[in-house]
Amino acid sequence: MGRPSGPTRDTKRLICERALEVFAEKGYAATTMRDVAAAVGMRDASLYSHFPGKQAIFDAAVAHQLDRLTQALRSRRALAHPADDPSAYLTDGPALAEVVLASYEPLFADAGIVRLRHVLEGARHADPRCDELYRTVFIERPLELQRTIFSRLVDAGLFSPCDVALAARQFHSPVFLALCEDMPWPQARDLVERHLNAFLAQHRAKE
């Protein structure tokens with residue numbers, strides 16, 4: 001009879017979370033397996049029984065945070081993938097503001113996602129894989145989701161016809177700049193709300 005898999009999964013999750021904290025503090029390149037083991041509170045040899053090396057821990061830590069991000073977005077009806085249902089965005093007023101804020105809040109307010117961003121920011125210019133991940137998570141995927149949303153809004157007659165690729169860049173750019181500035185979420189929330197109102201005034205279909 002096999003051993004229960006739950007404790008192993010819990011230990012691996014703990015390793016991923018603690019490792020991300022160390023990566024964010026020291027940088028990926030400077031972090032050693034011994035650093036991670038110390039953060040978790042286990043011997044080096046025990047750490048190797050769960051992961052073969054630092055890269056494997058990093059990959060698992062990234063996957064864990066991206067899975068958390070997907071769950072957080074979908075739990076509030078915000079798009080996490082272009083194939084998700086965008087109907088929550090086909091509305092107006094407080095309901096639209098709520099889902100737009102929900103789509104950005106984890107990027108500013110979730111400690112794990114913020115640490116992931118800091119790690120990737122620190123390593124992206126020296127590590128092409130980190131650069132690709134950074135671009136995918138914080139630039140390319142948000143733009144892809146915005147294009148999906150704006151296309152649906154135009155098709156539904158709620159937005160005037162527009163260049164949706166350009167509109168996506170116009171909408172995401174101020175928020176991305178706030179991320180680069182490490183703007184606290186309360187301040188970023190106010191920015192997103194004001195930006196959304198101005199954007200709607202520009203693109204909402206005229207009756």
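Modeller: Helices here are DSSP runs of at least four residues, numbered from the N terminus. Keep in mind that this is a predicted model.

Colleague: Okay, let's start with empty space. How big is the largest pocket in volume, and how many residues line it?

Modeller: The general idea first: rolling a probe the size of a water molecule over the atoms shows where empty space is left. In this structure, the largest pocket has a volume of about 470 Å³. Its lining takes in 28 residues, and Leu73, Leu79, Arg141, Pro142 and Leu145 are the ones nearest the centre.

Colleague: Which helices supply at least two residues each to that lining?

Modeller: Four names to look for: α4 (54–75), α5 (94–109), α7 (128–155) and α9 (185–203). The largest share is from α7, with nine residues.

Colleague: And what is the lining like by class?

Modeller: Sort it and you get 21 nonpolar residues, five polar and two charged.

Colleague: Now helix packing. How do α5 and α8 cross?

Modeller: You look at the axes and the angle between them. The axes of α5 and α8 (residues 164–180) come within 11 Å, crossing at roughly 25°. Angles under 35 degrees count as roughly parallel, so α5 is roughly parallel to α8. The crossing of α5 past α8 is right-handed.

Colleague: Which residues meet there?

Modeller: From α5 you have Val100, Tyr104, Leu107 and Phe108; facing them in α8 are Phe171, His172, Val175, Ala178 and Leu179. By class, that contact has eight nonpolar residues, one polar and no charged.

Note on methods:
Residues numbered from 1 in each chain as written. Predicted model: local features only at pLDDT ≥ 70, side-chain atom pairs only at ≥ 80, totals over all residues. Heavy atoms only, no water. 1 Å grid on protein atoms, 1.4 Å probe; cavity = no way out; pocket = protein on both sides within 12 Å on 5 of 7 lines; lining within 4 Å. Points joined across faces, edges and corners; volume = space filled by probe spheres on them. Nonpolar A, V, L, I, M, F, W, Y, C, P; charged D, E, K, R; others polar. Axes fitted to C-alpha atoms, helices over the stretch in contact; angles between N-to-C directions. Parallel < 35°, antiparallel > 145°, perpendicular 65-115°, else oblique. Left-handed = near helix turned anticlockwise from the far one by under 90°. Contact = heavy atoms within 4.5 Å.
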